[in-house]
Each structure stands twice: as structure tokens, then as C-alpha cells.
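Please look at the sequence and the structure shown here before reading on. The report that follows goes through some local features one at a time.

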Amino acid sequence: MATAPSVQRPRFNPSNSSGVSDVHRLHHDVPSLCNSDSNPLHFRFQSLVSCPADVPLELFEAAVSQLIHHPEYNSTLILRSETISDSDTTIPTSAPCLEGYHAVRNVHRKLLPRRPGRDSGLEQHCTLYAFETGEFAGLPSMLVLTPLVPEGESLPYYHPTVSHLAFRFIPSSITTTSDSASAQSALRIEVIPLTGTPTDPNSRLYRTALALLDTLHRYLWGAFTHYQKRVQHDVLIPREIYQDVYLKMRERHKGIVNTWRETTDPLKHVFEDIGIATFLMLFWKDMFAASADLADVKELDDSRWTSWPRPSGGFLDLGCGNGLLTHILSAEGYSGYGIDLRARTSWAHYPDSSRDSLKARSIPIGNHADELTPWLPVMATLTGASGYLSIPCCAWMFDERFTRSSAASALNFSDNESLDAAAGVVSSEAEDDAVFISSLGMGAEGTHKSQYSAYRIWLARLSRWLGWKIECDTLRIPSTRNWAIVGRERLPGDQRIFVDRAKKIVEDVARRGTFKARTPEGKGHGRAS
């Protein structure tokens with residue numbers, strides 16, 4: 001029985017498996033993998049690196065499942081993997097037969113590169129093995145990766161130059177050392193390198209094996225401590241569809257990096273806004289489609305999305321800053337308008353179509369809109385908009401910085417009787433606070449205690465108080481402020497209650513008279529852009 005896990009993950013303590021100074025501690029007396037000596041194609045794996053295993057063998061399969069299904073976590077050159085087949089009865093002949101083990105499961109997957117124009121995809125067998133006999137017979141304890149390289153082709157750069165790569169869990173009970181008191185389970189990576197591939201500690205193959213071992217060690221500890229991801233991605237848009245469209249969008253608009261007119265970092269802003277535009281296009285396609293057809297993206301290469309559903313009155317990008325998001329959406333045929341306190345340097349260099357304004361019943365967008373962020377659900381409610389999307393950054397209320405104390409006195413979100421009456425919900429069915437916070441997708445328990453999380457909770461309560469059904473997602477964009485709150489459906493009931501609430505917010509702000517527009521920044525205003 002495993003003891004209760006400590007709070008801190010044990011130190012990752014790797015060792016070069018070719019050394020002999022730590023033989024007993026890490027079980028390097030356990031031979032490397034090989035097939036039968038009688039086999040005419042006799043081979044032996046080469047041990048590269050090992051480390052202590054601090055968890056039970058029973059968790060091995062759960063940990064390597066993460067390696068199988070999420071190779072992109074180990075290489076920035078890999079987009080994702082797609083499973084072709086998963087079987088515990090059909091084992092391919094290309095999977096090696098190994099002494100003392102038998103194959104119990106095989107996942108046939110395809111690795112998709114992040115840059116298809118540079119790297120090719122690669123199919124691979126991921127074969128799980130268990131001991132044939134002994135205390136752990138039948139329990140998966142090894143994963144072997146076998147690349148399937150078409151004849152005449154070579155391995156893509158992102159794949160190690162090996163014909164097989166094995167992740168081994170070596171239980172302490174199978175060591176042959178006489179010092180049983182110091183026996184400890186170990187993790188080990190073994191390979192069959194291609195001819196001429198260096199394996200010394202300074203080689204690329206060794207460094208790759210070290211990184212993979214560290215990942216496996218971390219996944220095993222996560223399984224042991226019931227690790228929960230901090231945030232959940234892909235709640236509203238499936239990952240595969242988003243990534244496929246994003247790659248095409250990136251190819252179309254990456255040239256903006258070379259013509260960037262602002263003083264800010266183009267690598268951050270350009271690819272971040274390409275990601276947001278991709279999300280919006282797929283989100284609107286799903287939101288306004290007559291039927292669920294998100295998976296139908298065959299027209300990508302030909303029609304440039306001209307047939308995709310979109311907001312009938314266009315979009316409104318509040319606090320649009322450099323205007324890049326508005327430009328990208330306009331370039332893809334979406335009508336809308338971007339608004340900010342002042343024109344930016346970039347604006348004059350966009351085509352006319354990107355500078356055109358558009359009109360009524362737009363969908364407000366708040367992309368790090370700061371002071372305008374809390375006004376988005378208010379504006380959407382007052383104008384009868386189809387919905388809104390907000391990616392909050394700096395924490396602002398209607399006319400002051402957000403603090404927990406000011407938020408507590410600003411609005412009475414606990415007015416449940418009128419809210420439930422407007423939404424047609426009886427009091428016993430109203431969501432309690434913990435359930436509501438959990439529904440916002442902000443991550444594991446405890447993360448809502450930060451100031452930024454408190455602000456997001458306040459925004460969600462405000463939106464719900466104004467009659468919007470709350471939906472949230474964590475966008476795949478290069479920013480730490482990538483949590484989005486979406487309103488695309490109204491709560492049922494008397495909409496006049498929600499409109500009256502929005503009007504009262506405006507009236508109260510006007511009565512206080514403390515709202516001030518931000519002092520313009522940038523050239524000609526005494527501050528850098």
C-alpha cells in the first residue's frame with residue numbers, strides 16, 4: 001500500500017546508465033532489453049539514462065498514456081498526435097519481441113508537425129509490455145516507441161534517430177544485487193540507435209532521453225498525487241480543429257511580423273491576435289450555424305471562410321489598440337469595427353477594408369480592454385447584441401481599479417430572488433457559490449484566491465447578473481492572460497429586469513462623476529507606445 005504522498009515532488013536525480021559507480025542504487029545490474037539469442041535478428045537495447053522511481057508500478061500505464069497522447073508536451077516542433085488504432089489483441093510485427101516480456105497493448109498513432117512545410121508527419125507504434133512471470137506478471141511496466149519510416153525516407157528532425165525507444169519501470173524486487181536493503185525501483189530509458197548516432201552525455205539523443213525521463217518522472221508523481229490541471233483548454237472549440245485552422249491562419253498572416261510598425265514585440269502580438277482571430281472565427285461558425293458543423297473545414301483552402309456563418313451586424317473590438325485583431329478579421333472577410341482612444345501607428349498602414357467602421361448589432365470584443373472590460377456585458381445588454389467575448393487583463397471596475405473591498409460594495413449580486421424570478425429558476429435550484437466558481441474553468445482548487453481570479457469571478461457574476469449565460473475557455477494564445485468569458489445566450493425570463501440593471505450601472509457611474517478616460521499614450525503624448 002502506497003503511503004500518503006509528500007507535498008513536494010521528489011527530486012529528479014538522473015544517472016548515466018553506462019556508468020558503474022551507482023550500480024546498486026539504480027539497478028544497473030538489470031540487463032538491457034534484448035530478444036532471444038536464437039533469433040537470427042538478435043539485438044540488444046542500449047541503456048542511456050535512469051533515475052529512482054518514487055511511486056508504485058501500478059501507476060506506470062496512466063503516466064505513459066500522457067506520453068502517448070500528448071507528445072507536444074515534450075517537443076515544440078510537434079503539434080499533436082492522432083490515434084489511428086488502439087488494441088490489446090492485435091500487436092504489429094514491427095513491435096520487438098523481448099525476453100521476459102509480452103506485449104499487452106498497442107497504440108498506432110500519427111505525429112503531426114507544428115510546421116508542416118518544414119517537417120513531415122510520422123506514424124509510430126506505441127507498445128506496452130508486461131512481465132511474463134513473477135510478482136508483477138501482466139502489469140504494464142514498459143513502453144516501446146517504434147517509428148514507421150516509409151522506404152526511401154528518413155526520420156523527421158523532431159524524432160530521435162533510433163529504431164526503438166523504451167521507457168522501463170524496473171521494480172526493486174527484480175534486482176540481482178545482493179544488497180536488498182538498499183534496493184529501489186528505477187525508471188530507465190533504453191534505445192536502439194541508428195548507425196552512427198552518438199549516445200554520449202553531450203549528444204542530442206542523450207539530452208532528448210534525459211528530457212523524456214524527466215517528463216515520465218513528473219507524470220508518475222502527478223498520477224500518485226492525483227494531479228489536476230490548473231486550467232482546462234478547448235472547452236468551446238475542439239483542439240484539433242482549432243490547431244488545423246490556426247496553422248493556415250498563421251501562414252496567411254505571419255508576414256505582418258516583418259512589417260510591424262509599433263515599438264512592441266511583434267512575435268507576441270501578431271501570433272497572439274492570429275490565435276484570437278482563429279478562435280473567434282470558429283466560435284462564430286459554431287454559434288451562428290444552422291447545425292453543428294464545426295468539424296466541416298474542408299473549404300479552408302478554397303473559399304477563405306466566405307461561407308462560414310458570422311455575426312449579422314459585424315463585431316466591435318473595444319480598446320483595439322494597434323488594431324491588428326480588427327485587421328486580421330477584416331482581411332478574412334468579417335465586417336466589424338475597432339475603437340480606441342487614439343489612432344496608432346499601424347492603422348495608417350492597413351488596407352482600407354481594415355479601417356472601415358461598421359454599425360449596429362455588433363458583437364463587442366474585449367481583447368485586454370482594461371477599463372472597458374466590465375462595460376462589455378453592460379453594452380451588450382443595452383444594445384441587444386448577439387453576444388460578447390472578453391479576455392480580461394488589468395483589473396478595472398466601472399470607474400476605479402478593482403479591489404475586493406470595492407467590488408463587495410459596488411453591486412449586490414446576492415439579489416437572488418429577482419435574479420431567479422427573471423431566469424425562471426426557483427430558489428432551491430440556484431447555483432451555490434462553489435459550484436458557480438467551479439464552472440468558470442479557472443483551474444484546480446485554491447487558484448481562485450488570487451486578485452486576478454477574484455476579478456474574473458466578479459466579471460462572471462456581473463455578466464450573469466445582467467442576464468448572460470456564462471461560458472468560459474482558456475485560449476491557446478501566447479499570453480498568461482488567456483482566460484476568456486463569453487456571452488452568447490440570454491438567460492430566460494423578463495429581459496427588462498436585466499436591461500434596467502444595466503441602465504442603473506450607467507446612471508450610478510454618471511452620478512458619481514469619477515470616470516476618467518485614460519491619458520493618451522504614445523508619440524506626441526509624452527509616453528512611449
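In this predicted model, Gly 333, which comes just after helix α7, takes a positive phi of about 90°. The helix that it follows, α7, covers residues 324-331, and seven of its eight residues are buried, so α7 is largely enclosed by the rest of the structure. The buried residues of α7 are Leu 324, Leu 325, Thr 326, His 327, Ile 328, Leu 329 and Ser 330.

A glycine with positive phi also follows helix α13, where Gly 467 has a phi near 95°. Helix α13 runs over residues 451-465, and 12 of its 15 residues are buried, so this helix too is largely enclosed by the rest of the structure. Among the buried residues of α13 are Tyr 452, Tyr 455, Arg 456, Trp 458 and Trp 465. How far apart should the ends of a helix of 15 residues be, at 1.5 Å a residue? The expected span of α13 is 21 Å, because the rise is counted over one less than the number of residues, and the end C-alpha atoms of α13 are indeed 21 Å apart, which agrees.

Positive phi values are not confined to glycine here. Most residues other than glycine have a negative phi, and the following table lists two residues that have a positive phi although they are not glycines.

| Residue | Phi | Relative accessible area |
|---|---|---|
| His 368 | about 55° | 18% |
| Asp 370 | about 55° | 12% |

His 368 is found in the loop between strand β11, residues 363-367, and helix α9, and Asp 370 lies in the loop between β11 and α9 as well. Are these two loop residues buried or exposed? Because buried means under 20% relative accessible area, His 368 at 18% counts as buried, and Asp 370 at 12% does too.

The helix on the far side of that loop leads to the packing of helices. Two packed helices are described by the angle between their axes and the distance between the axes. The axes of α9, residues 375-383, and of helix α14, residues 495-512, come within 9 Å and cross at roughly 125°, and α9 and α14 are therefore oblique to each other. In this arrangement α9 passes α14 in a left-handed crossing. The axes of α2 and of helix α3, residues 204-224, likewise come within 9 Å, and they cross at roughly 130°, which makes α2 oblique to α3. Here, however, the crossing in which α2 passes α3 is right-handed.

Aromatic rings form a further topic, and the structure holds 13 aromatic pairs. One of them joins Phe 60 and Phe 169, whose ring centres are 6.3 Å apart and whose planes stand at 75°, so this pair is edge-to-face. The pair links distant parts of the chain, since Phe 60 belongs to helix α2, residues 60-69, and Phe 169 to strand β7, residues 162-170, with the two positions 109 residues apart in sequence. Phe 60 is buried with a relative accessible area of 0%, and Phe 169 is buried with 1%.

The rings of Phe 279 and Phe 283 have their centres 5.9 Å apart and their planes at 10°, so that pair is stacked. Both residues lie in helix α5, residues 266-288, where being four residues apart separates Phe 279 from Phe 283 by about one helical turn. Phe 279 is buried, with a relative accessible area of 4%, and Phe 283 is buried as well, with 3%.

Beyond these pairs, Trp 375, Phe 398, Phe 402, Tyr 455 and Trp 458 form one aromatic cluster. Tyr 455 and Trp 458 have already appeared among the buried residues of α13.

Charged side chains also meet aromatic rings. The charged end of Arg 204 sits over the ring of Tyr 157, at 4.1 Å from the ring centre, while the charged end of Arg 490 sits over the ring of Trp 468, at 4.4 Å from the ring centre.

Another arginine, Arg 168, lies in strand β7 and is buried, with a relative accessible area of 3%. The C-alpha atoms of Arg 168 and Ile 189 are 6.2 Å apart in space, although the two residues are 21 residues apart in sequence.

Notes
Residues numbered from 1 in each chain as written. Predicted model: local features only at pLDDT ≥ 70, side-chain atom pairs only at ≥ 80, totals over all residues. Heavy atoms only, no water. Phe/Tyr/Trp six-rings, centres within 6.5 Å; stacked < 30°, edge-to-face > 60°. Buried < 20%, exposed > 50% of the residue type's maximum accessible area, 1.4 Å probe, protein only. Lys NZ or Arg CZ within 6 Å of the ring centre and 35° of its normal. Axes fitted to C-alpha atoms, helices over the stretch in contact; angles between N-to-C directions. Parallel < 35°, antiparallel > 145°, perpendicular 65-115°, else oblique. Left-handed = near helix turned anticlockwise from the far one by under 90°.
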